[in-house]
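Thanks for coming, everyone. I'd like to walk you through one model today, going from the overall picture down to a few side chains. Here it is on the screen.

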Amino acid sequence: QVQLVESGGGLVQAGGSLRLSCAASGSIGSINYMAWYRQAPGNQREFIASIDSADISRYADSVKGRFTISRDNTKNTAYLQMNSLKPDDTAVYSCNAHVRAPLTYYYNPYWGQGTQVTVSS
């Protein structure tokens, strides 16, 4: 089994910054993909950013230029640096990772429980 734990959320004023972390633990052989999603009240979950095993990253247009995703493979951890935050960024941010268990061939998706980010105006 694999657990993903997000941290780093909180309350910040508009224009401020936060850095989220997503730490994976458990039965991990390798992680080929890590991503961040968010969901605001009344809205569907939306893709924010992803990074693959080649360190190729993708971003939603709404955060491009403001957010940066990175990963530390030695710690099985992904980060989301969020700058120039806006009230519209307020949401629960969740981590997704595709993990292969040791001695297996297939990757399975896992989700964290989410961390709240609130941006005040």
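Let me start with a question: among contacts in the protein chain between residues at least 6 apart in sequence, what percentage join residues at least 24 apart? The figure is 56%. Please keep in mind throughout that this is a predicted model.

Now the overall layout. The protein chain has zero helices and 11 strands, so if you read along the sequence you simply get β eleven times over, by the definition of strands used here. The C-alpha atoms fill a box of roughly 50 × 25 × 25 Å along the principal axes. How does the radius of gyration look? For 121 residues, a compact globule would come out near 14 Å, and the protein chain has 14 Å, so the two agree. Of those 121 residues, 41% count as buried. The chain exposes about 6,500 Å², and carbon and sulfur atoms supply 48% of that area.

Next, the charged side chains. How many salt bridges does a search of the whole structure find? There are four. Let me take Arg38 to begin with. Arg38 forms a salt bridge with Asp89, with the closest N and O atoms 2.9 Å apart. This pair links distant parts of the chain: Arg38 sits in strand S4, residues 30-39, while Asp89 is in the loop between strand S8 (77-82) and strand S9 (91-100), 51 residues apart. Are these two residues buried or exposed? Both Arg38 and Asp89 are buried.

Asp89 also has another partner. The side chains of Arg66 and Asp89 meet in a salt bridge, at 2.8 Å from N to O. Here again distant parts of the chain are linked: Arg66 lies in the loop between strand S6 (57-59) and strand S7 (67-72), and Asp89 in the loop between S8 and S9, 23 residues apart. Arg66 is buried, just as Asp89 is. Bring in Glu46, and you have a network of salt bridges that links Arg38, Glu46, Arg66 and Asp89.

For a contrasting setting, look at Asp61. Asp61 forms a salt bridge with Lys64, the closest N and O atoms being 3.1 Å apart. Why do we call Asp61 exposed? Its relative accessibility is 68%, so Asp61 counts as exposed, given that the cut-off is over 50%.

Let's move on to strand S7. In a regular strand the side chains alternate between the two faces of the sheet. S7 shows this nicely: Phe67, Ile69 and Arg71 point to one face and are buried, whereas Thr68, Ser70 and Asp72 point to the other and are not buried. S7 pairs with S8 in the antiparallel sense, over six bridges. Within that pairing, Ile69 has Leu80 in S8 as its bridge partner.

The hairpin of S7 and S8 has four residues between the strands, and there Asn76 takes a positive phi near 50 degrees. Most residues other than glycine have a negative phi. Asn76 is not a glycine, yet its phi is positive. Because its relative accessibility is 24%, Asn76 counts as partly exposed. Asp55 also has a positive phi, near 65 degrees, and Asp55 is found in the loop between strand S5 (46-52) and S6.

That's my tour, and I'm happy to take questions.

Terms used
Residues numbered from 1 in each chain as written. Predicted model: local features only at pLDDT ≥ 70, side-chain atom pairs only at ≥ 80, totals over all residues. Heavy atoms only, no water. Helix = DSSP H or I, 4+ residues; strand = E, 2+ residues; numbered from the N terminus. Buried < 20%, exposed > 50% of the residue type's maximum accessible area, 1.4 Å probe, protein only. Pairing = 2+ DSSP bridges. Rg over C-alpha atoms; globule rule 2.2 N^0.38 Å. Contact = heavy atoms within 4.5 Å. Areas by Shrake-Rupley, 256 points an atom, 1.4 Å probe, with all protein chains shown as cover.
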